[in-house]
Amino acid sequence: MDAPTTTSADNGTSGGGGGWFTPRTKPTATPGNEPETPDGRRPAVIRPVGRQTADPETPADGTTAPPASPADSASTGVPDQERESPYAIPVPGPMAAPFAPSSEPVASTTASPAEPRVPPQQPAPVPPPGPAAPAPAMEESPDAVLIRRAMAEVTPVADKVTSYFYALLFVRHPDLRSLFPPAMDTQRDRLLRALLTAAEHIDNTDVLVDYLQNLGRGHRKYGTRAEHYPAVGECLIGALSKYAAAVWDEEMEAAWIRTYTTISQIMIDAAAADELRAPAWWYAEIVTHDLRTPDVAVVTVRPDQPYPFLAGQYTSLETPWWPRIWRHYSFAAAPRSDGLLSFHVKAVPAGWVSNALVHRARPGDIVRLGPPAGSMTVDHTTDSGLLCLGGGTGIAPIKALVEDVAEHGERRPVEVFYGARTDHDLYDIDTMLRLQQSHPWLSVRAIIDQQAHQQLPDAVRAYGPWNEYDAYLSGPPGMIRSGVDALRDIGIPSERIRHDSVEELVAAGS
């Protein structure tokens, strides 16, 4: 799969030197950065099945696509999903894939989340894991004022703006249509959300650059190339100028050109640097398939080459039956010496990927994995306790975090609240109780809605105090929202609460 191969001396933050959306120069490989294997190489013994056919909208097995429906639920209900990072962009939802093809959901499209895996080409000091101090208030730049003025104008007609943008893109550049999934519903919504995010953080260079670098790396698995960005930029300007005509002028257009050029160059540079050291995606063979309930399976895979990740992170996954349709699943275990990866998958109604993984996949089948992503990881530089709330299959990354603490030999208190609607939904309680028996610093409490007549976040209020704990939440959107509110109410500061992106959870249809 091709990837961008251009870079800039200033890491793309100046917004100049490249012309109208034009990428700049190709990076030079530095010693030690040469890739050991080609990107996306086919393993010697593992062979993919059901590769994309001549008609990219038809599944490999020849069946027709099911009707548009909510996207599949991830191990955490997520995503790209991008979890709220202790030092990443503090926004309600990621700026994921505004201009990228092949989003994650089926009938609704989501793009790859940030993938904090490879440092930028020009390394800057990396903050230690843990909450970062909020950025100081800053005066708006002239470009930011113009960008936000345009966004205020087009937000009320968002559907028309985004539909017109994609119409321009596919009419002017029909070759790009095949990179996108057949259903564009949520892709249109994500474009506006991405632009709002950029408008909100346009003056916060550190935050925006970090996020965009991660996003650029994640786009590699879609086949995004440097030459795609100018086409997207021109169509974006065309759509904005049409629907923001009341305020649009040459000055505003120049501001958007500068902003988009900066955004695209940062993403291009990050992808180019990543190309030197990591594949765009991995093949992985399913080695075990454990059906825990009629609609929940634990799927374990063996990647064709080493796959580095951290407990609490997640990845995007594509099955051979639905080419170009990616879903996000959290790793259900800390990194293992045998290199195997496990995921908890819940089949949701009309969920394309989730139903395939739960009801159709078998040992020997081949899937593809994108890069690891997410920042809901343990800060091993502190001894703060961990308060973990996992609802449904959201227990998967919580289990991984517990294993991570155990492997580091720490004795910090870890309190796990495992929420479920019924006893039947506590499919992994035995595993969690065995961990509790092995580790005296671990406490596991099952909270069953139908028995306790209270939601998981409300149950947490009865225990504590929690003001000295770092909190982790993973599960359905409603649980995340109410959980964050409950934790703030009992004194846990926002910067110590880490969770999956609620907007991405909604898009994933959990």
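This is a short chat about helices, salt bridges and a loop in a predicted model.

Reader: What kind of model is this, and which pLDDT cut-offs apply?
Author: The model is predicted: local features need pLDDT of at least 70, side-chain atom pairs count only at pLDDT 80 or more, and totals for chains, interfaces and linings use all residues. Residues are numbered from 1 along each chain as its sequence is written, and side-chain values use heavy atoms, with hydrogens and water left out.

Reader: Start with helix 6. What should its residues span?
Author: Helix 6 covers residues 250–275, and its 26 residues should span 38 Å at 1.5 Å a residue. Its end C-alpha atoms are 37 Å apart, which agrees. The expected span is 1.5 Å times one less than the number of residues. Helices here are DSSP runs (H or I, at least four residues) and strands are too (E, at least two), numbered from the N terminus.

Reader: How many residues of helix 6 are buried?
Author: 20 of the 26, so helix 6 is largely enclosed by the rest of the structure. Buried means under 20% relative accessible area, exposed over 50%, and partly exposed in between, with a 1.4 Å probe and protein chains only.

Reader: What happens at the start of helix 6?
Author: A side-chain oxygen of Asp249 comes within 3.2 Å of the backbone nitrogen of Glu251.

Reader: And the loop before it. Is Ala246 buried or exposed?
Author: Exposed, since Ala246 has 68% relative accessibility. Ala246 sits in the loop between helix 5 and helix 6. Its C-alpha is 9.2 Å from that of Ala150, although the two are 96 residues apart in sequence.

Reader: Switching to charges. How many salt bridges are there?
Author: The count is twelve. A salt bridge needs a side-chain nitrogen of Lys or Arg within 4 Å of a carboxyl oxygen of Asp or Glu.

Reader: Which residue does Asp295 pair with?
Author: Asp295 pairs with Lys346, at 2.8 Å from N to O. Asp295 lies in the loop between strand 1 (282–293) and strand 2 (296–303), and Lys346 in strand 5 (residues 341–346), so the pair ties together parts that are 51 residues apart in sequence. Asp295 is partly exposed at 25%, and Lys346 is partly exposed at 26%.

Reader: What about Arg336?
Author: Arg336 forms a salt bridge with Asp338, with the closest N and O atoms 2.8 Å apart. Arg336 is partly exposed at 37%, and Asp338 is partly exposed at 43%.

Reader: Which residues do shared partners join into a network?
Author: Asp290, Arg292 and Asp428 are joined into one network by salt bridges that share partners. Within it, the Asp290 and Arg292 side chains meet at 2.6 Å, N to O. Asp290 is partly exposed at 34%, and Arg292 is partly exposed at 32%.

Reader: Back to helices. At what angle do helix 2 and helix 5 pack?
Author: Helix 2 (residues 158–172) and helix 5 (residues 228–243) pack at about 140°, with their axes 9 Å apart. The two are therefore oblique to each other.

Reader: Last one, helix 12. Which residues are buried there?
Author: Pro477, Met479, Ile480, Gly483, Val484, Ala486 and Leu487 are buried in helix 12. Its 13 residues (477–489) should span 18 Å, and the end C-alpha atoms are 19 Å apart, which agrees.

Reader: What follows helix 12?
Author: Gly491 follows helix 12, and its phi is positive, near 105°.

Conventions:
A polar contact is a pair of N or O atoms within 3.5 Å; within protein, one must be able to donate a hydrogen and the other to accept it, and residues adjacent in sequence count only if both atoms are side-chain atoms. Axes are lines fitted to C-alpha atoms, for helices over the stretch in contact, and angles run from 0 to 180 degrees between N-to-C directions. Angles under 35 degrees count as roughly parallel, over 145 as roughly antiparallel, 65 to 115 as roughly perpendicular and the rest as oblique.
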